Amino acid sequence: MDTLISVFADAMPPAPDLALAFAAVLFSTTLKAFAGFGFGLSVVPLLSLIMHPAQAVPMALMLDLIGSSQLVPMARKKADWKSLKLLVPAAFVCIPLGVYALSVVPGDALRIAIAVILLATVALMATGARLPEHLPVPAVLGVGGFAGMLSGGMAMPGPPVMVYFLARPTAAAVNRSSLLMFFFFTDVGSIATGLISGIVGLKIILLAIMLSPALILGNITGHWLFGKAHDTLYRRIALSLLTIIALVTLVEAIRG
């Protein structure tokens, strides 16, 4: 028992950092449960303010997997499985490339890349651009592969698949469920690759467990908010918040 307490104590960050991490996870989980996307896009930049991205990314993957597990039973019933059967295998093939990049790219460079990708995604989604309902198979595979690289390297598979699902003329409930299922599968693949490579360690796992109450509370809050808001409102709120996060992250990275 004393050994277990000692292990948790070693994994616990200073109280102010733990409080900030809890708030970041609560906010990001609420956002994802509300909009169907945005956990990695928001929590990685926020966690990167108190830890190196090489720690923030696997932490985000662990937390997202725990949180997504609560939403899978609901999401799998409405998801677009025809698209997911192409997107998920392509993502799995490319996840190791992202994990490798995480181990060799400097922290500030990763922060800048994270912020730029997030800003570009928000800008594209804000234009209201639409894709055809049916895309060629190679294009869908390319979206999945790019998302896999971002998942392994930044815990951010969202940008390509967000554009793919949200820019197509399909129902909001289908898009939300499809995104939730895709993120669940990429989390599993990225964590498995991280465990094999050693990037996901015991300290990351224990800290994720400590922060898990924020996941439960965030899922409850976000699901309740989704039932209260219409499509236009929830997209507008989500994009505005993600823009603020990207700008803060970019400034912090430039300041070093």
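## Buried polar residues and a nonpolar core

Asn-175 counts as buried, at 4% relative accessibility. Buried means under 20% relative accessible area, exposed over 50%, and partly exposed in between, with a 1.4 Å probe and protein chains only.

This is a predicted model, in which local features need pLDDT of at least 70, side-chain atom pairs count only at pLDDT 80 or more, and totals for chains, interfaces and linings use all residues. Residues are numbered from 1 along each chain as its sequence is written, and side-chain values use heavy atoms, leaving out hydrogens and water.

**Confidence.** The chain has a mean pLDDT of 80, with 90% of its residues at 70 or more. The pLDDT is the predictor's confidence in each residue, from 0 to 100. Among the elements, helix H1 (residues 2-11) has the lowest mean, 59. Helix H5 (residues 81-104) has the highest, 88. Helices (H or I, at least four residues) and strands (E, at least two) are DSSP runs, numbered from the N terminus.

**Helix H9 and Asn-175.** Asn-175 lies in helix H9. The helix covers residues 172-197, 26 in number. From first C-alpha to last it reaches 37 Å, close to the 38 Å expected at 1.5 Å a residue. That expected span is 1.5 Å times one less than the number of residues. Gly-198 follows H9, with a positive phi near 95°.

The side chain of Asn-175 reaches the backbone oxygen of Phe-165 at 3.3 Å. Leaving aside neighbours within four places in sequence, Asn-175 is in contact (heavy atoms within 4.5 Å) with Phe-165, Leu-166, Arg-168 and Thr-170.

**The salt bridge.** The structure holds one salt bridge (a side-chain nitrogen of Lys or Arg within 4 Å of a carboxyl oxygen of Asp or Glu). Lys-32 pairs with Asp-64, their closest N and O atoms 2.6 Å apart. The pair links distant parts of the chain, 32 residues apart. Both partners are listed here with their helices.

| Residue | Helix | Relative accessible area |
|---|---|---|
| Lys-32 | H2 (residues 15-35) | 4%, buried |
| Asp-64 | H4 (residues 53-75) | 9%, buried |

**The core.** The largest nonpolar core has 62 residues. Such a core is a set of buried Ala, Val, Leu, Ile, Met, Phe, Trp, Tyr and Cys residues joined through side-chain atoms within 4.5 Å. H4 gives the most to this core, with 11 residues. Val-161 and Phe-182 have the most contacts inside the core. Not counting residues up to four places away in sequence, Val-161 touches Leu-87, Val-143, Ala-147, Leu-179, Phe-182 and Phe-183.

Notes:
Polar contact = N/O pair within 3.5 Å; in protein donor to acceptor, adjacent residues only side chain to side chain.
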